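Got the viewer open? Let's take a walk through the fold, one selection at a time.

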Amino acid sequence: MRKTIRVSMQWMLAAATMVSAGGCSMMPWSEQEDPTVIPFKTVLSGSYQGFVKNWDDQRQPVFCTLIRSRAEWDEWMQPAPTMGDRRPTGPSSDHFERKQYLLVARTMSAPDAAERPHVFTPLSVRLRDGTLRLNYLYRAPASGASYRIKDYLMVSIPKDRYTTGPVVFYENDRKVCEINR
């Protein structure tokens, strides 16, 4: 009896292993990849030694741009190297052969350390009908700081997935910027 149970368990384990090794594509609940979804990676605002250059935040409270080359990076980002800090001032020129960056910036009250990671939250990057759309959440800092800072959300996307056309930025499901390229 024990031998029969042991053999049965081995067969069930072997069958389960073969099914899982076969991949999820055989499963009826698997879905096709959505070609409108663009994979992205968030670039933390402290990743590089630098900051967003000034803009007229009275006229344009939300600053948005698409950075596709080192020259465009230098146009919008100001390097601020400090002695002893080993972080780069920006991505290398050859990095821009594969990646591009969507940048959204605001002037705001300085967030405290606990709320800083939650000020900007990227939700999705999609490409539909030739228009690239970045959708994100913005939560104004509630720290009550007496000074203001420029902070930003930057996401990196593959360069081969988007080459030309309008870029639209949606903050809390409200259109805040549009760039026509």
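Start by selecting F169 and showing what surrounds it. Skipping the neighbours within four places in sequence, F169 is in contact with C64, T65, L102, L103, V104, L134, R174, K175, V176, C177 and I179. Keep in mind as you click around that this is a predicted model.

Now grow the selection to the core that F169 belongs to. This is the largest nonpolar core, with 22 residues, and F169 is listed with L102 and L134 as having the most contacts inside it. Colour the elements that give two or more residues to this core and you'll light up β3 (62-67), β5 (99-109), β6, β7 (131-138), β8 (148-158), β9 and β10. Which strand supplies the largest share of this core? That's β7, with four residues. As background, nonpolar side chains tend to be buried together in soluble globular proteins.

There is a second core to pick out, apart from the one you just coloured. It has 14 residues, and V43, M77, A105 and Y152 are among them.

**First sheet**

Go back to F169 and show the backbone as a cartoon. The strand to look at is β9, residues 167-171, which runs antiparallel to β10 and is joined to it by five bridges. Within that pairing, F169 stands opposite C177 of β10. C177 also turned up in the list of residues that F169 contacts.

Zoom out to take in the whole sheet. Four strands make it up, in the order β6-β7-β9-β10; it is an open sheet, and its pairing is mixed. Which strands stand at the edges? Select 120-128 for β6 and 174-179 for β10: each has a single partner strand, so one side of each is left without a neighbour in the sheet. Going from one strand to the next, the twist averages 20 degrees.

**Disulfide**

Stay on C177 and show its sulfur, then do the same for C64. These two cysteines form a disulfide, with their sulfur atoms 2.2 Å apart. A search of the whole structure turns up one disulfide, so don't hunt for a second. Look along the S-S bond of C64 and C177: the link is right-handed, with 70 degrees about that bond. What does the pair tie together? C64 sits in strand β3 and C177 in strand β10, so the link joins parts that are 113 residues apart in sequence.

Turn on a surface and check both ends of the link. C64 has 8% relative accessibility and counts as buried. C177, at 10% relative accessibility, counts as buried too.

**Second sheet**

From C64, follow β3 into its own sheet. Here four strands form an open sheet with antiparallel pairing, in the order β1-β8-β5-β3. The edge strands are β3 and β1 (41-43), and each pairs on one side only. The twist from one strand to the next averages 20 degrees.

Next, select β1 along with β8. Three bridges pair these two strands in the antiparallel sense. For a landmark, pick T42, which stands opposite V155 in β8.

**Two loops to check**

Select D129, in the loop between β6 and β7. Although D129 is not a glycine, its phi is positive, about 50 degrees. For comparison, most residues other than glycine have a negative phi. Is D129 buried or exposed? At 82% relative accessibility, D129 counts as exposed.

Then jump to N172, which is found in the loop between β9 and β10. N172 is another residue other than glycine with a positive phi, near 50 degrees. At 39% relative accessibility, N172 counts as partly exposed.

**The whole chain**

Finally, clear your selections and colour by secondary structure. How many helices and strands are there? The protein has two helices and 10 strands. Tracing from the N terminus, you pass through the elements as α-β-β-β-α-β-β-β-β-β-β-β.

Put a surface over everything for the last view. The protein exposes about 11,600 Å², and 55% of that is supplied by carbon and sulfur atoms. Of its 181 residues, 34% count as buried. If you draw the contacts between residues at least 6 apart in sequence, 75% of them join residues at least 24 apart.

Terms used
Residues numbered from 1 in each chain as written. Predicted model: local features only at pLDDT ≥ 70, side-chain atom pairs only at ≥ 80, totals over all residues. Heavy atoms only, no water. Pairing = 2+ DSSP bridges. Axes fitted to C-alpha atoms, helices over the stretch in contact; angles between N-to-C directions. Core = buried A, V, L, I, M, F, W, Y, C linked by side-chain atoms within 4.5 Å. Buried < 20%, exposed > 50% of the residue type's maximum accessible area, 1.4 Å probe, protein only. Contact = heavy atoms within 4.5 Å. Areas by Shrake-Rupley, 256 points an atom, 1.4 Å probe, with all protein chains shown as cover. Disulfide = S-S within 2.5 Å.
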